[in-house]
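The exercises below are meant to be worked with the sequence and the coordinates open side by side. Try each task before reading its solution.

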Amino acid sequence: MSDDADVIIVGAGLTGLVAAAELTAAGKKTIIVEQEPEQSLGGQAFWSLGGIFLVDSPEQRRMRIRDSYELALEDWLGTAAFDRTEDLWPRRWAEAYLGFAAGEKRSWLMQRGLKFFPVVGWAERGGGNAVGHGNSVPRFHITWGTGPGVLEPFVQRVREAEKRGLIRFKFRHRVNELTRTGSVVNGVRGDLLAASDAERGRKSSREITGDFELKAQAVIVASGGIGANHQLVRENWPKRMGAPPKRMITGVPDHVDGRMLAIVEAAGGRLINRDRMWHYVEGVRNWAPIWTDHAIRILPGPSSLWLDARGKRLPVPLYPGFDTLATLSHIKPLAANSPLYAVADDIVNAAKGPDPLEAVRTVLGDYTNRFHASGTLAHEEDDDEVLLHASPNLTIYHITLSPGLQYPPHNHLMDALIGIYKGSETNFIYPVAGSELDVPERQDIAAPAVVHMASNTVHAVANTGGARSGALHVYLGDLTRTHRQLWSPDSNHAEPFDNDRYLAGARPIQQSGHE
Ligand SMILES: Cc1cc2nc3c(=O)[nH]c(=O)nc-3n(C[C@H](O)[C@H](O)[C@H](O)COP(=O)(O)OP(=O)(O)OC[C@H]3O[C@@H](n4cnc5c(N)ncnc54)[C@H](O)[C@@H]3O)c2cc1C
């Protein structure tokens with residue numbers, strides 16, 4: 001089969017259009033394959049505010065904002081917190097992209113017809129300084145004409161190339177497979193979808209009327225994200241942020257379905273960092289929705305008052321526009337009358353004193369006895385772990401364990417206090433020889449009890465009782481961001497801790513039968 005074009009682009013959003021404009025400028029013949037109808041050309045960008053990230057621009061300098069590549073890099077690294085082997089390319093990409101944003105990006109965009117509003121906005125400020133998360137200076141340059149203004153020059157270029165025969169659009173073509181010759185991806189296969197007169201941004205039908213196959217020398221996938229696919233969002237939800245919210249609304253149209261991720265993977269693509277996702281918390285339901293569960297983000301005024309479910313003001317810096325993921329983590333999946341709010345508040349306060357270990361032990365002992373006396377679980381949900389608090393000095397979880405399961409050995413690398421208030425748990429404390437574990441010492445602990453584990457402890461926990469156990473776990477450090485170890489039950493070798501492998505490593509254990 002001879003090639004239909006030099007390049008096939010999957011997706012006619014902004015990414016696909018920019019790629020197509022560049023390819024045709026280099027004289028390449030391109031086919032753009034798009035599942036939506038023609039009237040939705042441009043994808044998400046049409047709906048966007050058109051805020052563009054620039055570093056050390058004339059607009060910033062006019063406002064006396066001092067910015068530089070070095071400062072932007074420090075901000076980026078503080079926000080990304082790269083800590084995985086697969087972060088090599090994201091880090092290199094960040095360095096290259098910042099070079100572009102501090103260099104030719106502005107003039108490149110202006111040559112294509114974009115113009116910028118002279119007031120620079122400040123998105124994601126973080127803690128307000130150059131260490132840790134966030135932009136330490138304003139960098140958000142709004143395009144005249146917002147999202148449609150960003151799209152316009154690229155749509156125009158691509159439409160002109162279409163007239164010259166360099167570009168062909170294939171609307172209502174949905175890709176299901178990337179095809180290969182040997183190890184080279186050089187084609188796409190998929191469904192022809194029925195013609196649709198759905199207005200821009202509205203959900204279009206998925207009625208199939210036929211199939212198609214196209215070949216080219218190269219394929220670019222520009223298919224957008226996963227935001228409209230809540231199932232995928234939940235599957236990939238970052239463990240460090242606790243359980244995903246039960247109810248979510250959606251900031252992107254239905255076509256942002258994430259289907260191409262699995263399709264790329266099936267063709268040999270290596271996907272990384274699926275759990276590194278971004279969500280706004282300040283969304284409200286659109287009273288006149290365009291897409292399913294349509295959410296609108298309200299750009300907050302500088303002095304907006306934000307309250308949690310109990311009417312308490314959110315702590316610094318969890319204001320709108322400062323640190324959206326930290327705000328999301330702070331808004332816990334708890335009912336407004338949950339007793340766990342008070343637990344978190346009291347333990348956080350206790351840990352502020354000169355001897356946090358003893359002060360936390362006292363408060364934890366008090367709650368352990370009180371919850372034990374009530375005879376019920378303080379929080380009963382499908383999820384075993386609820387993250388109540390995470391900060392550099394302190395992490396608090398409420399954890400329930402199902403009966404008859406033992407979890408793999410692991411360490412915490414910080415002092416830990418566990419207040420078991422319901423049922424019984426068995427703790428296996430392992431001596432470590434090199435990186436291998438020796439025969440453990442078994443401790444059977446019935447509620448109510450507070451157990452202290454020193455920072456070098458390696459232990460495995462099991463519920464040997466007859467019912468679900470309940471415990472408050474307090475760690476004197478940020479457990480969610482600490483590089484600690486897990487010992488696989490199969491190999492007995494230390495490996496980097498991973499919550500999925502930890503939960504998957506649970507094995508049945510003999511129960512003693514009583515609670
Ligand atoms: C309300 C809103 C405000 C925003 N504000 C900003 C902002 O101010 N600044 C900023 O930088 N970003 C902003 N964004 C984000 C930005 O608009 C998007 O990241 C960007 O437009 C994504 O472009 P894309 O081309 O990668 O993806 P998309 O626009 O999602 O386009 C992907 C296209 O691929 C098609 N496709 C997917 N799978 C298939 C398949 N299997 N077969 C065929 N076609 C397929 C889809 O139908 C879609 O048309 C905003 C987004 C929204 C929704």
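Two strands are said to pair if DSSP finds at least two bridges between them, and strands (E, at least two residues) and helices (H or I, at least four) are DSSP runs numbered from the N terminus. The model is a predicted one, in which local features need pLDDT of at least 70 and side-chain atom pairs count only at pLDDT 80 or more, while totals for chains, interfaces and linings use all residues. Residues are numbered from 1 along each chain as its sequence is written, and side-chain values use heavy atoms, with hydrogens and water left out.

**Exercise 1.** Determine which strands pair with E2, and in which sense.

*Solution.* Begin with strand E1 (residues 5-10), which pairs with E2 in the parallel sense over 4 bridges; here Ile8 stands opposite Ile31 of E2. The connection between these strands passes from E1 through H1 to E2, a β-α-β crossover that is right-handed (with the strands pointing away from the viewer, the path from the first strand over the helix to the second runs clockwise). Next take strand E6 (residues 167-171), which runs parallel to E2 and is joined to it by 5 bridges, with Thr30 opposite Ile167 of E6.

**Exercise 2.** Decide whether the two faces of E2 are buried or exposed.

*Solution.* Apply the cut-offs: buried means under 20% relative accessible area, exposed over 50%, and partly exposed in between, with a 1.4 Å probe and protein chains only. On one side Thr30, Ile32 and Glu34 are buried, and on the other side Ile31 and Val33 are buried as well. For the chain, buried residues make up 45% of its 515 residues.

**Exercise 3.** Describe how the ligand is surrounded, starting from its shell and ending with its polar contacts.

*Solution.* First, 30 residues lie around the ligand (a heavy atom within 4 Å of it), and Thr15, Glu34, Gln44, Gly51 and Val175 come nearest. Second, H1 (14-25), E2 (30-34), E7 (173-181) and H8 (259-266) each supply at least two residues of this shell, and E7 gives the most, with 3 residues. Third, look for polar contacts (pairs of N or O atoms within 3.5 Å): an N or O atom in the side chain of Glu34 is 2.6 Å from an oxygen atom of the ligand, whereas in Ala45 a backbone N or O atom lies 3.3 Å from a ligand oxygen.

Note on methods
Polar contact = N/O pair within 3.5 Å; in protein donor to acceptor, adjacent residues only side chain to side chain.
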